[in-house]
Amino acid sequence: MQDRNVAKTQQAPKSTVLILGDQINRDIASLSGKSPLETRILFVELGTKVQKKEWHVQKVHLLLSAMQHFAEELRSEGYEVDYRRADTLRDGVSAHMDAFEVANVIAMEPMNWNGKRVLEDLNVELVKNNQFLCHYEEFAKWTTTKNKFRMEDFYRWQRKRLDILMDGVTPCGGKWNFDHENRERPPRDGREWPQITFFENDEIDDRILQDLDGYWGAPPKGVWPVTRAQAHIRLDEFVNGALTAFGPYEDAMLSKEWKLAHSVLSSSLNIGLLHPREVVRAVENAYTNGDAPINSVEGFIRQVIGWREYVWGLYWLWMPEYKSENFLDADRPIPPSFLEQGETDMSCISRAVDHLHEFAYTHHIERLMLFGNLALTSGINPQEMTEWMHSRFIDGAEWVMLPNVIGMATFADGGKMATKPYASGGAYINKMSDYCSDCVYDPKKRTGDKACPFTSLYWDFLARNEKQLSGNPRMGQQFGGLRRLSDLGDVRTRAVDVLAQLDEGTL
Ligand code: SF4
């Protein structure tokens, strides 16, 4: 009798758990309570992504390597794993269903809007995504109590309800925000910045790399963790080696330093190797143990439970319309200076493109105040900008790039997210970096051949978009400045040249 029951169980079709490339964690909700006896695993390597040669090679390697390492991990637990390549997710799931007798297909909700629609169409059973501390439905509920969805309000709400960095009902250190301590100029003393481990390739990596020909960027050098164990090493390195310096220098830029004291944990968080809860707790413990100052700890925690979760919530709240917003009718293509190394005399952009080429990464100020700022003031199309950032940055994903580009960098949503455009001239870059000292342009000049393109374009941007922006109460000072400019005609003449040179790749 007992034997007959066992035989019956073994013959019953298994369920399939589909694991997506950004769900690389044993604790994802779709694997909860599952066992190899009744569950098969499906991974689909997407040809539509893998074959895009304009993607950074380190990003393609990371996605494939993390998936293949996780597939091995699950095989070693006894799971039958169907790891297949297909042009699309739809093709991959359909081919799997044809190849196996499948009871049902289960997946955790995808991170992106389109992926969710595809899986719903295929009748895949979706379980709630558990990779964030605030699910987007919870975020949507939070917005129903607000007229304006300010990040600061959301962040404080998260701190209180999750009891993170709280001393009872008051914030640790007595304040919610220590930003004013976190705007130090870059030190010019040639100091050493925290070192990170460069992980060695294994057989899986070597096999993947053999097939990755013709992609953009420098080959992988082991910077980006592909397993959870590597991601933990990187987390420890940040907490014990870089966290203290992170806060003061989080906005600083140095031409010879690609990461300064940034955590470089974003790719591990975005593909699921690390959960934000464990990252935040490790950082909070460093403060509680007296190993890191409050300004660094609060600044980092704000990025993770504030900004990161806020953009995830807004993405789901406003998709799909949000994707095509273009409030300022910006239609310039991505300039050659962003696309290849050595294509510009602008020292800041040139160095940032070098960082991007070498590491598939620049830190948030280089993204916002260099690439984003130039995209905004020159009028680069926000959809093209999103696509470019998605393809070149190691941590790029639609949910994170869309709000950051459409909302934050290019003001393409007309102020739904940011209260004003983040436009700035060369003075800010000169203050916060060492780029201008060896640049052919002068950040203080706004007219003439040596004028800093950022400075000329800043004023031209205000003049060009006065109709759409002058009613913004937070921009009164900027437009006051514009009206006082005695040489606006010359500035705009210079801006015409700058824009033409930007398009030609001769700037
Ligand atoms: Fe960049 Fe202008 Fe400074 Fe040159 S002068 S590095 S273009 S901000």
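**Group meeting: the ligand shell, the cores and some backbone oddities**

By class, the shell around the ligand breaks down into ten nonpolar residues, two polar residues and no charged ones. One caution before I go on: this is a predicted model.

So who is in that shell? Going along the chain, we have M346, S347 and C348. Then come G426, I429, Y435, C436, C439 and Y441. P443, C452 and P453 complete the list. Two helices, α14 (347-359) and α18 (426-432), each supply at least two residues of this shell. And what space does the ligand take? The largest cavity.

Next, the cores. The largest nonpolar core has 128 residues. Which residues have the most contacts inside it? I349 and M385. The helix that gives the most to this core is α12, residues 294-318, with 13 residues. A separate core has 15 residues, including L462, L469, L485 and V491.

Back to I349. Setting aside neighbours within four places in sequence, I349 is in contact with S337, F338 and T344. The same list holds L370, F371, L374 and F454.

Now Y361. Look in the loop between α14 and α15 (364-378). Is Y361 buried or exposed? Buried, because its relative accessible area is 6%, and the cut-off is under 20%. Its contacts, not counting residues up to four places away in sequence, include W224, W258, K259, H262, V264 and S266. H355, L356 and R367 are also among them, as are F393, I394 and D395. For a sense of distance, take A103, which is 258 residues from Y361 along the chain. The C-alpha atoms of that pair are separated by 42 Å.

Last topic: the backbone. Start with the cis peptide bond. It runs from M319 to P320, with omega near 5°. P320 is in the loop between α12 and α13 (336-339).

Then two positive phi values, both in residues other than glycine. For N123, phi is near 60°. For L260, phi is near 45°. Where are they? N123 is in the loop between α5 (113-121) and β5 (125-127). L260 is in the loop between α9 (228-246) and α10 (266-270).

Their surroundings are worth checking too. N123 counts as exposed because its relative accessibility is 69%, and exposed means over 50%. L260 is buried, because its relative accessible area is 0%, under the 20% limit.

To recap: the ligand takes the space of the largest cavity, and its shell has no charged residues. I349 and M385 have the most contacts inside the largest nonpolar core.

Conventions:
Residues numbered from 1 in each chain as written. Predicted model: local features only at pLDDT ≥ 70, side-chain atom pairs only at ≥ 80, totals over all residues. Heavy atoms only, no water. Near = heavy atom within 4 Å. 1 Å grid on protein atoms, 1.4 Å probe; cavity = no way out; pocket = protein on both sides within 12 Å on 5 of 7 lines; lining within 4 Å. Sits in = over half its atoms within 2 Å of the grid points. Helix = DSSP H or I, 4+ residues; strand = E, 2+ residues; numbered from the N terminus. Nonpolar A, V, L, I, M, F, W, Y, C, P; charged D, E, K, R; others polar. Buried < 20%, exposed > 50% of the residue type's maximum accessible area, 1.4 Å probe, protein only. Contact = heavy atoms within 4.5 Å. Core = buried A, V, L, I, M, F, W, Y, C linked by side-chain atoms within 4.5 Å.
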